[in-house]
Each structure stands twice: as C-alpha cells, then as structure tokens.
Amino acid sequence: MTPETVMDLAHSTLLVTSMVAAPLLLIALITGLLIGMLQAATQINESTLSFIPKLLMLVLTLFAIGPWILRVLVDFTHDLYSSIPSVIG
C-alpha cells in the first residue's frame, strides 16, 4: 500500500464526511442563531424554545436532502469497494 493511496483514501473520506455533515450543521447553526436572537430580544429563557425548532429544522433538512446524502454515501462506498485491489497491492 503506497502512501499516496492512503492519502487519497483519507482525503476522500474527509471530503464525504464534510459534504454530508455541513448542510445539517449549517441549518442547526442558523436556526440556533435566529432563536438565540429572538430569545435575547424577548428575554424568554426557555430551553425547549431553542431545542424544538432546531430539531424540526434538522428533520425537514433530512427529508429535503436525504436522497442526496444517501447517493453521496452509496457512491463513496462503491468507489471504496472498487478500490480495494489497488489498496491491497
């Protein structure tokens, strides 16, 4: 196994991980920021007011981009399995 093969595998793994996680993390960040600004403006300090909207937005985001995430993961797994002979030697 050559170091280039290992680096290519590590690079593609990190890229796929970032592609799958980024939309969900960004939605959670934006929702949390908006709810935090709303709570600061109204001085309502209820913890469920922050949790429930984030949860709902993450579920809606998963419904919207779930097929794309699944396609990215299936393509990566297919490429990973097809590269086994080159990784082994």
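# A walk along a helical chain

At 58% relative accessibility, L14 counts as exposed, because the exposed class begins over 50%. This residue belongs to helix 1, and it is a convenient place to enter the structure. The model shown here is predicted.

The overall plan comes next. The chain holds 3 helices and 0 strands. Read from the N terminus, its elements follow the order α-α-α. Helix 1 covers residues 3-42 and helix 2 covers residues 47-82.

The outline of the chain can be put in numbers. Along the principal axes, the C-alpha trace spans about 65 × 25 × 15 Å. The radius of gyration of the chain is 19 Å, whereas a compact globule of 89 residues would have a value near 12 Å. Of those 89 residues, 11% count as buried. The chain exposes about 6,700 Å², and 76% of this area comes from carbon and sulfur atoms.

Contacts give another view of the chain. Among contacts with a separation of 6 or more, 71% join residues that are 24 or more positions apart.

Which residues make up the largest nonpolar core? There are 5 of them: V16, V20, I69, V72 and F76. Helix 1 and helix 2 each supply at least two residues of this core. Helix 2 gives the most, with 3 residues. One member, I69, can be followed further: leaving out residues up to four places away in sequence, I69 touches V20 and L62.

Back on helix 1, distances along the sequence can be set beside distances in space. L14 and L29 are 15 residues apart in sequence, and their C-alpha atoms lie 21 Å apart. A second pair is A21 and T31, which are 10 residues apart along the chain and have C-alpha atoms separated by 16 Å. Both A21 and T31 are in helix 1.

A21 and T31 fall into separate classes of accessibility. A21 has 28% relative accessibility and therefore counts as partly exposed. T31 has 9%, so it counts as buried, since the limit for a buried residue is under 20%. What does T31 touch, apart from residues up to four places away in sequence? Its partners are P53, K54 and M57.

The surface has a feature of its own. L26, L29, I30, L33, L34 and M37 make a nonpolar surface patch of about 620 Å². L29 has already appeared as the partner of L14 in the 21 Å distance. Another patch member, I30, is found in helix 1. With a relative accessible area of 47%, I30 is partly exposed, because that class lies between the 20% and 50% limits.

Further along helix 1 come L38 and Q39. Is L38 buried, partly exposed or exposed? L38 counts as partly exposed, because its relative accessibility is 44%. L38 and L49 are 11 residues apart in sequence, with 9.9 Å between their C-alpha atoms. The neighbouring position, Q39, is buried, because its relative accessibility is 15%. Setting aside neighbours within four places in sequence, Q39 is in contact with I44, E46, L49 and S50. L49 thus appears both in the C-alpha distance from L38 and in the contact list of Q39.

The last stop is the loop between helix 1 and helix 2, where Q43 is placed. Q43 is exposed, because its relative accessible area is 69%. Its backbone also deserves a look. Most residues other than glycine have a negative phi. Q43 is not a glycine, yet its phi is positive, at about 60°.

The walk can be retraced through its three accessibility classes. Among the buried residues are T31, at 9%, and Q39, at 15%. Partly exposed residues include A21, at 28%, L38, at 44%, and I30, at 47%. Exposed residues include L14, at 58%, and Q43, at 69%. L14 lies in helix 1, while Q43 lies in the loop between helix 1 and helix 2.

Technical notes
Residues numbered from 1 in each chain as written. Predicted model: local features only at pLDDT ≥ 70, side-chain atom pairs only at ≥ 80, totals over all residues. Heavy atoms only, no water. Helix = DSSP H or I, 4+ residues; strand = E, 2+ residues; numbered from the N terminus. Rg over C-alpha atoms; globule rule 2.2 N^0.38 Å. Buried < 20%, exposed > 50% of the residue type's maximum accessible area, 1.4 Å probe, protein only. Contact = heavy atoms within 4.5 Å. Areas by Shrake-Rupley, 256 points an atom, 1.4 Å probe, with all protein chains shown as cover. Core = buried A, V, L, I, M, F, W, Y, C linked by side-chain atoms within 4.5 Å. Patch = residues over 30% accessible without salt bridge, like charges linked within 9 Å, V, L, I, M, F, W, Y side chains within 5 Å. Salt bridge = Lys/Arg side-chain N within 4 Å of Asp/Glu carboxyl O.
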